[in-house]
Amino acid sequence: MKATQGSVFRRREALITYLDKYDYGTVSELADRFQVSEVTIRRDLLFLEKKQLIERYYGGVKRIKKSEKRESQQLGSVEEFPWQRLLPPLHLLLQEKKLIFVGAGRWSKELIHAVADFDLTIVTNDHSALIDLKPGRAIVCLCGGEVESNSTV
C-alpha cells in the first residue's frame, strides 16, 4: 500500500527525532523500528541527506549536529572543492563516448556541471543537478528519483 505524503513526512520527522536521541543508526534497525522496508528507509535517508540533516555511510546514518552543519557548509562550498584539479584526471578516466552514472548526493550537481563538456552520456537520478545546466557536449538523462513539490533542494 502506498503511503500518504503526511505519513511519509511524519516518519521522516520521527526518524530525525530518533537520531537526535541516539545520534546514529543502521539501515536495518531503522527499517525494523519504523516497520518499513530497507529501500523505504534508504529513500528517506537520501531525502534527509539532501536537506543536510544527516550523514549517510555504508550501512548506516548519523545525525549532523548544528555546529557540524555550519562547519560543513563553510568547507563544502563549490569554490573550495577542487574541480579544476580533478578535471584532468577525470578526462583520462572518462574516455570519449562513455556512459557514467552520477547518483544523487552532496556534490552530484557540481560534478555533472563540471563534466558536461565531455563527449559522454551522463545518467543521474538527481533532478536538482539539472537546474541551471548549460548546454554542453554531454547527453544528460534523468532516470528514477522523485521530484518533490515545494522542495528547497
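**Exercise 1. Asp-20 and its surroundings**

Classify Asp-20 as buried, partly exposed or exposed, and describe its surroundings.

*Solution.*
Step 1. Asp-20 has a relative accessible area of 40% and is therefore partly exposed (buried means under 20%, exposed over 50%, partly exposed in between, with a 1.4 Å probe and protein chains only).
Step 2. The model is predicted, so local features need pLDDT of at least 70 and side-chain atom pairs pLDDT 80 or more, while totals for chains, interfaces and linings use all residues. Residues are numbered from 1 along each chain as its sequence is written, and side-chain values use heavy atoms, without hydrogens or water.
Step 3. Asp-20 belongs to helix H1 (helices, H or I of at least four residues, and strands, E of at least two, are DSSP runs numbered from the N terminus).
Step 4. Leaving out residues up to four places away in sequence, Asp-20 touches Arg-63 and Lys-65 (contact means heavy atoms within 4.5 Å).
Step 5. A separation of 9.1 Å lies between the C-alpha atoms of Asp-20 and Lys-62, which are 42 residues apart along the chain.

**Exercise 2. The aromatic pairs**

How many aromatic pairs does the structure hold, and which residues form the aromatic cluster?

*Solution.*
Step 1. There are 2 aromatic pairs in the structure (ring centres of Phe, Tyr or Trp, the last by its six-membered ring, within 6.5 Å; planes under 30 degrees apart are stacked, over 60 edge-to-face, the rest tilted).
Step 2. One pair joins Tyr-18 and Tyr-22: the ring centres are 4.7 Å apart and the planes meet at 45 degrees, so this pair is tilted.
Step 3. Both tyrosines, Tyr-18 and Tyr-22, lie in helix H1 (residues 5–22), with their positions 4 residues apart, about one turn of the helix.
Step 4. Tyr-18 is buried at a relative accessible area of 14%, whereas Tyr-22 is partly exposed at 42%.
Step 5. Tyr-18 also pairs with Phe-34: here the centres are 6.3 Å apart and the planes at 80 degrees, so the arrangement is edge-to-face.
Step 6. This pair connects distant parts of the chain, since Tyr-18 is in helix H1 and Phe-34 is in helix H2 (residues 27–34), 16 residues apart.
Step 7. Both Tyr-18 and Phe-34 are buried.
Step 8. Tyr-18, Tyr-22 and Phe-34 thus belong to one aromatic cluster.

**Exercise 3. Packing of H3 against H1 and H2**

At what angle does H1 pack with H3, and at what angle does H2 pack with H3?

*Solution.*
Step 1. Two packed helices are described by the angle between their axes and by the distance between those axes.
Step 2. For H1 and helix H3 (residues 38–50), the angle is about 75 degrees and the axes are 11 Å apart (axes are lines fitted to C-alpha atoms over the stretch in contact, and angles run from 0 to 180 degrees between N-to-C directions).
Step 3. H1 is therefore roughly perpendicular to H3 (under 35 degrees is roughly parallel, over 145 roughly antiparallel, 65 to 115 roughly perpendicular, the rest oblique).
Step 4. From H1, Val-8, Arg-11, Arg-12, Leu-15 and Ile-16 meet Thr-40, Arg-43, Asp-44, Leu-45, Phe-47 and Leu-48 of H3.
Step 5. H2 and H3 pack at about 105 degrees, with their axes 9 Å apart, and are therefore roughly perpendicular to each other.
Step 6. In this contact H2 supplies Val-27, Ser-28, Leu-30, Ala-31 and Phe-34, while H3 supplies Glu-38, Ile-41, Arg-42 and Leu-45.

**Exercise 4. Arg-11**

Is Arg-11 buried or exposed, and which residues does Arg-11 contact beyond its neighbours within four places in sequence?

*Solution.*
Step 1. Arg-11 is located in helix H1.
Step 2. The relative accessible area of Arg-11 is 13%, so this residue is buried.
Step 3. Beyond its neighbours within four places in sequence, Arg-11 contacts Phe-34, Val-36, Thr-40 and Asp-44.

**Exercise 5. Positive phi in loops**

Where do Gln-35 and Asp-132 lie, and what are the phi values of Gln-35 and Asp-132?

*Solution.*
Step 1. Gln-35 occupies the loop between H2 and H3, and its phi is near 55 degrees, a positive value in a residue other than glycine.
Step 2. Gln-35 is exposed, at a relative accessible area of 73%.
Step 3. Asp-132 is found in the loop between strand E5 (121–124) and strand E6 (139–142); its phi is positive, about 65 degrees, although Asp-132 is not a glycine.
Step 4. Asp-132 is exposed, with a relative accessible area of 59%.

**Exercise 6. The chain as a whole**

How many helices and strands does the chain have, and what share of its residues is buried?

*Solution.*
Step 1. The chain has 6 helices and 6 strands, in the order α-β-α-α-β-β-α-α-β-α-β-β from the N terminus.
Step 2. Of the 153 residues, 31% are buried.
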